[in-house]
Amino acid sequence: MVFHPNRRTVLAGFAGIAGLAAVTPAVAQGGGTVHDIQMLNKDPNNPRNRMLFSPRVLAIDPGDTVRFLPVDPGHNAQTIDGMVPEGAEGWRSKLNEEFEVTLTVPGIYGYKCLPHLGMGMVGVVFVRGEGMLENLELAQSVRQRGRAAKAFEEIWAEAEQIGLMTA
Ligand SMILES: [Cu+2]
């Protein structure tokens, strides 16, 4: 896992020099793609849904970067104990701060917003590749409460629906 706290600045400078800012998708330093997850107070598609990561199910390739965007204040993103693949490290972002993490180990990464875990503000990143589902059972066996438990049920169902739950 690699942190790139200042990469946006670096990339912006590079894109400016290359003159490609408008047409080039975000590419991480290592060549992987950058995927954004918004941290929101309200779901634009359903205002009754409060405090959420969007998207809360994300599948990426090894070496890709996940970027958490503090669109609304009061959120962070941190991995949940027991929901990180063996050999990989978790992460913990600060409140209200944009945060990037590059994931190289295939598997399932469950994370939460610490202030809003009780409101079901959780998400899962699937890193594709050999062994992606090796920690699925372990991740699913982590005890969740209340709305977080409900959110994870929905997340696993959504992952199943988009074909992530079969190797
Ligand atoms: Cu939150």
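Start your tour by selecting Trp 91, which sits in the loop between S6 and strand S7 (99-103). Strands here are DSSP runs of E with at least two residues, helices are runs of H or I with at least four, and both are numbered from the N terminus. The model is predicted, so local features need pLDDT of at least 70 and side-chain atom pairs count only at pLDDT 80 or more, while totals for chains, interfaces and linings use all residues. Residues are numbered from 1 along each chain as its sequence is written, and side-chain values use heavy atoms, with hydrogens and water left out.

**Stop 1: around Trp 91**

Is Trp 91 buried or exposed? Its relative accessibility is 3%, so Trp 91 counts as buried. The cut-offs are under 20% relative accessible area for buried, over 50% for exposed, and partly exposed in between, using a 1.4 Å probe and protein chains only. Now add Gln 78 to the selection: Trp 91 and Gln 78 are 13 residues apart in sequence, and their C-alpha atoms are 5.3 Å apart in space.

Stay in the loop between S6 and S7 and pick Asn 96. Asn 96 has a positive phi of about 65 degrees, although it is not a glycine. With a relative accessible area of 43%, Asn 96 is partly exposed.

**Stop 2: the copper ion**

Select the copper ion next. Which atoms coordinate the copper ion? They are ND1 of His 75, SG of Cys 113, ND1 of His 116 and SD of Met 121, at 2.0 to 2.5 Å. Donors are N, O and S atoms within 2.8 Å of the metal (3.2 Å for Na, K and Ca), and sites may look incomplete because water is not among the atoms.

Angles among the four donor atoms run from 91 to 132 degrees, and the site is tetrahedral. Four donors earn that label if all angles lie between 85 and 135 degrees. For reference, the ideal angle for four tetrahedral donors is 109.5 degrees.

Along the sequence, the donor residues follow the spacing H-x37-C-x2-H-x4-M. His 75 lies in the loop between strand S5 (64-69) and strand S6 (78-79), and Met 121 in the loop between strand S8 (107-112) and strand S9 (122-127), so this pair ties together parts that are 46 residues apart in sequence. His 75 and Met 121 are both buried.

**Stop 3: the salt bridges**

There are four salt bridges in the structure, each a side-chain nitrogen of Lys or Arg within 4 Å of a carboxyl oxygen of Asp or Glu.

- Show Asp 36 and Arg 67, whose side chains meet in a salt bridge at 2.6 Å, N to O. Asp 36 lies in strand S2 (residues 34-43) and Arg 67 in strand S5, so the pair ties together parts 31 residues apart in sequence. Asp 36 counts as partly exposed at 33% relative accessibility, whereas Arg 67 counts as buried at 13%.
- Show Arg 128 and Asp 61, which form a salt bridge at 3.3 Å, N to O. This pair links distant parts of the chain, 67 residues apart: Arg 128 is in the loop between S9 and helix H2 (136-141), and Asp 61 in the loop between strand S4 (57-60) and S5.
- Show Glu 154 and Lys 150, with a salt bridge at 2.9 Å, N to O. Both lie in helix H3 (residues 146-161), four residues apart, about one turn of the helix. Adding Arg 56 completes the view of a salt-bridge network linking Arg 56, Lys 150 and Glu 154.

**Stop 4: the largest pocket**

Keep Arg 56 and Glu 154 selected and add Asn 49, Leu 52 and Gly 120. What do they share? The largest pocket has a volume of about 450 Å³, and of its 21 lining residues, these five are the closest to its centre. A pocket is an open set of points on a 1 Å grid over the protein atoms alone, where a 1.4 Å probe fits and protein lies on both sides within 12 Å along at least five of seven lines; lining residues have an atom within 4 Å of a point. The volume is the space filled by probe spheres set on the points, which are joined across faces, edges and corners.

Strand S3 (46-54) and H3 are the elements that give two or more residues to this lining. S3 supplies the largest share, seven residues. By class, the lining has nine nonpolar, four polar and eight charged residues. Here Ala, Val, Leu, Ile, Met, Phe, Trp, Tyr, Cys and Pro count as nonpolar, Asp, Glu, Lys and Arg as charged, and the others, Gly among them, as polar.

**Stop 5: backbone details**

Move to Met 51, in strand S3. Met 51 has a positive phi of about 55 degrees without being a glycine. Finish at Ser 54 and Pro 55, joined by a cis peptide bond with omega of about 0 degrees.

Methods: Four donors count as tetrahedral if all angles lie between 85 and 135 degrees; four count as square planar and six as octahedral if opposite donors are over 155 degrees apart and all others between 65 and 115; anything else is irregular.
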